[in-house]
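Q: Please take a close look at one part of this model for me, the interior, and explain slowly how its side chains are arranged. I am a first-year student, so longer explanations are welcome.

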Amino acid sequence: MQFAQRPDVHSCLVFPRLFEEAAELIVSTEFYFSRRAEILDQLTDYHSRRLFTNEMHRITTRIACMLNWLSAQRAVLSGQMELEDALRQYPLDGESLCRAKNRRAEDILPSEMKELLEYSRLLYERIYRLDRQAAANLN
């Protein structure tokens, strides 16, 4: 088995920053969600509470999908895995859920939750573009 070529300078700069941003998102999300009971008390109706819970799920799904993909790409950059194998075995999952934006949430949810939703969506979109670019480069 021949391992991947040495990564280019761009990859060496981009991936560590993406890992840092994902880690920052995890910390921010954990801190915010640790106050979940307090936040849910502020949401007065069933619809708002359900929307909050659904959007919590969307954020955690985005994080899990991004970390899975980033971990595989780290293995590629270190020469432990071929890019083709990484893309096949560890694809960026959750596209329909993770790329979606719930417009109703903008009117109902607290501002900090909306910020986490937007930041996680934008980070997922960046990784999505890298995933598509990597797949296109294989062809």
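A: The number of disulfides in this predicted model comes to 0. A disulfide is a covalent bond between the sulfur atoms of two cysteines. C65 takes part in no such bond, and the nearest cysteine sulfur to its own, that of C98, is 4.3 Å away. Since a disulfide requires the two sulfur atoms to be within 2.5 Å, the 4.3 Å between the sulfur of C98 and the closest cysteine sulfur, in C65, is too far for a bond. Both cysteines are nevertheless inside the fold: C65 counts as buried because its relative accessibility is 12%, under the 20% that sets the limit for buried residues, and C98 counts as buried at 0%.

To place these residues, it helps to step back to the whole chain. The secondary structure consists of 7 helices and 0 strands, and the C-alpha atoms fill a box of roughly 60 × 25 × 20 Å along the principal axes. Of the 139 residues in the chain, 38% are buried. If we take the contacts between residues at least 6 apart in sequence, 76% of them join residues at least 24 apart.

Now we can turn to the nonpolar interior. The largest nonpolar core has 33 residues, and those with the most contacts inside it are F52, W69, L70, M113 and I127. Helix 1 (9-33), helix 2 (36-42), helix 3 (46-77) and helix 7 each supply at least two residues of this core. A second core, separate from that one, has 5 residues, including A72, A75, V76 and A86.

W69 is a useful residue from which to explore the largest core. Leaving aside residues up to four places away in sequence, W69 touches F15, L87, Y90, P91, L92, I127, L130 and D131. The last residue in that list, D131, deserves a closer look of its own. D131 has its place in helix 7, which covers residues 111-138, and D131 is buried because its relative accessible area is 6%, below the 20% limit. Under the same exclusion of sequence neighbours, D131 touches W69, L87 and L92. Two of these partners, L87 and L92, are also among the residues that W69 touches.

The aromatic rings give a second way to read the interior. A pair of aromatic rings is described by the distance of the centres and the angle of the planes. In this chain the count of aromatic pairs is 3. In one of them, the rings of Y32 and F33 have centres 6.0 Å apart and planes at 50°, so the pair is tilted. Y32 counts as buried at 1% relative accessibility, and F33 is buried as well, with a relative accessible area of 10%. In another pair, the rings of F33 and F52 have centres 6.4 Å apart and planes at 70°, so this pair is edge-to-face. The pair of F33 and F52 links distant parts of the chain, for F33 is in helix 1 and F52 is in helix 3, 19 residues apart. Y32, F33 and F52 together form one aromatic cluster.

Y32, which has its place in helix 1, also has partners beyond this cluster. Not counting its neighbours within four places in sequence, Y32 is in contact with I39, F52, P110, E112, M113 and L116. One of these partners, E112, is 80 residues away from Y32 in sequence, although their C-alpha atoms are 8.0 Å apart in space. Two others, F52 and M113, are among the residues with the most contacts inside the largest nonpolar core.

Finally, there are two places where an arginine lies over an aromatic ring. R74 lies over the face of F19, at 3.8 Å from the ring centre, while R99 lies over the face of Y128, at 3.9 Å from the ring centre.

Note on methods: Residues are numbered from 1 along each chain as its sequence is written. Side-chain values use heavy atoms; hydrogens and water are left out. Helices (H or I, at least four residues) and strands (E, at least two) are DSSP runs, numbered from the N terminus. Buried means under 20% relative accessible area, exposed over 50%, partly exposed in between (1.4 Å probe, protein chains only). Contact means heavy atoms within 4.5 Å. A nonpolar core is a set of buried Ala, Val, Leu, Ile, Met, Phe, Trp, Tyr and Cys residues joined through side-chain atoms within 4.5 Å. Rings of Phe, Tyr and Trp (its six-membered ring) pair if their centres lie within 6.5 Å; planes under 30 degrees apart count as stacked, over 60 as edge-to-face and the rest as tilted. A charge sits over a ring if NZ of Lys or CZ of Arg is within 6 Å of the ring centre and within 35 degrees of the ring normal.
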